[in-house]
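Grab a coffee and work through these exercises with the model open beside you. Try each task before you read its solution.

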Amino acid sequence: MKSKLINILLAEDDLDDCTFFKNALDSLPQETELKTVNDGEQLMQYLLDNSENLPEVLFLDINMPRKNGLECLAEIKKNILFKDLPVVVFSTLKSVDKINLVFKLGSHVYITKPNDIGQLKQVILNSLPIALEHKFSKGPLKYILNA
């Protein structure tokens with residue numbers, strides 16, 4: 001039986017990281033379709049333009065131009081159209097205060113970006129079921145995934 005295609009949106013300003021992420025997705029057993037936006041303004045416009053057909057999960061970088069990921073996360077979770085969109089924060093930041101803020105703003109999953117393709121594949125593979133589970137559940141669990 002073929003698994004369902006998962007539509008993923010990646011908000012990431014670093015083009016090398018976008019390529020790295022796509023390569024990791026392409027090697028996973030789960031079939032995915034990836035769309036990317038390169039800054040916070042593009043992200044919010046994309047969500048508005050596609051509010052009837054949102055992705056199953058958003059991977060969100062924190063350090064982006066024009067509007068950072070924390071600002072976007074706060075807007076997403078306050079907007080009735082987007083509040084149930086599973087958001088996986090995907091960043092190099094390791095500050096406990098920032099990670100706590102990410103969870104306070106509504107993300108259930110925080111991934112520290114790995115530098116190795118094998119580790120990236122593993123954290124993406126581990127994060128997809130968690131993110132999709134929280135699309136249907138309002139459970140209090142929060143997850144920090146490190147490679």
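**Exercise 1. Two helices side by side**

How close do the axes of helix H2 and H3 come, and at roughly what angle do they cross?

*Solution.* First, some ground rules. This is a predicted model, where local features need pLDDT of at least 70 and side-chain atom pairs count only at pLDDT 80 or more, while totals for chains, interfaces and linings use all residues. Residues are numbered from 1 along each chain as its sequence is written, and side-chain values use heavy atoms, with hydrogens and water left out.

Step 1: find the elements. Helices (H or I, at least four residues) and strands (E, at least two) are DSSP runs, numbered from the N terminus. H2 covers residues 40–49, and H3 covers residues 69–78.

Step 2: look at the axes, which are lines fitted to C-alpha atoms, for helices over the stretch in contact, with angles from 0 to 180 degrees between N-to-C directions. Those of H2 and H3 come within 9 Å and cross at roughly 20°.

Step 3: put a word to the angle. Under 35 degrees counts as roughly parallel, over 145 as roughly antiparallel, 65 to 115 as roughly perpendicular and the rest as oblique. H2 and H3 are therefore roughly parallel to each other.

Step 4: get the hand. A crossing is left-handed if the near helix is turned anticlockwise from the far one by less than a right angle, and right-handed if clockwise. H2 passes H3 in a right-handed crossing.

Step 5: list who touches, with contact meaning heavy atoms within 4.5 Å. H2 brings Gly40, Leu43, Met44 and Leu47, and H3 answers with Cys72, Glu75 and Ile76. By class, that is five nonpolar, one polar and one charged. (Ala, Val, Leu, Ile, Met, Phe, Trp, Tyr, Cys and Pro count as nonpolar, Asp, Glu, Lys and Arg as charged, and the others, Gly among them, as polar.)

**Exercise 2. H3 and its other partner**

Now do it again for H3 and H4: which residues meet?

*Solution.* Step 1: H4 is residues 96–105, and its axis comes within 9 Å of the H3 axis, crossing at roughly 20°. That makes H3 roughly parallel to H4.

Step 2: the crossing of H3 and H4 is left-handed.

Step 3: on the H3 side you'll find Leu70, Leu73, Ala74 and Lys77, which meet Lys98, Leu101, Val102 and Leu105 of H4. This contact has six nonpolar, no polar and two charged residues.

**Exercise 3. Following the strands**

Which strands pair with S3, and in what sense do they run?

*Solution.* Step 1: two strands pair if DSSP finds at least two bridges between them. Four bridges join S1 (residues 6–11) to S3 in parallel, and three bridges join S3 to S4 (residues 87–91), also parallel.

Step 2: take Leu58 as your marker. Leu58 is the bridge partner of Leu9, and Leu58 also stands opposite Val87 in S4.

Step 3: carry on outward from S4. S4 pairs with S5 in the parallel sense over four bridges, and Ser91 has Thr112 in S5 as its bridge partner.

Step 4: check the faces. In a regular strand the side chains alternate between the two faces of the sheet. In S3, Val57 and Phe59 point one way and Leu58 and Leu60 the other, and all are buried (under 20% relative accessible area, with exposed over 50% and partly exposed in between; 1.4 Å probe, protein chains only). In S5 (residues 109–112), Val109 and Ile111 point one way, Tyr110 and Thr112 the other, and again all are buried.

**Exercise 4. Three loop residues**

Asn63, Arg66 and Ser107: buried, partly exposed or exposed?

*Solution.* Step 1: Asn63 sits in the loop between S3 and H3. Asn63 counts as partly exposed because its relative accessibility is 43%. Leaving aside neighbours within four places in sequence, Asn63 contacts Asp13, Ser91, Thr92 and Leu93. Leu93 is 30 residues away in sequence, yet 8.7 Å away C-alpha to C-alpha.

Step 2: Arg66 is also in the loop between S3 and H3. At 62% relative accessibility, Arg66 is exposed. Its phi is positive, about 70°, although Arg66 is not a glycine.

Step 3: Ser107 lies in the loop between H4 and S5. With 0% relative accessible area, Ser107 is buried. Its C-alpha is 6.9 Å from that of Val89, 18 residues away in sequence.
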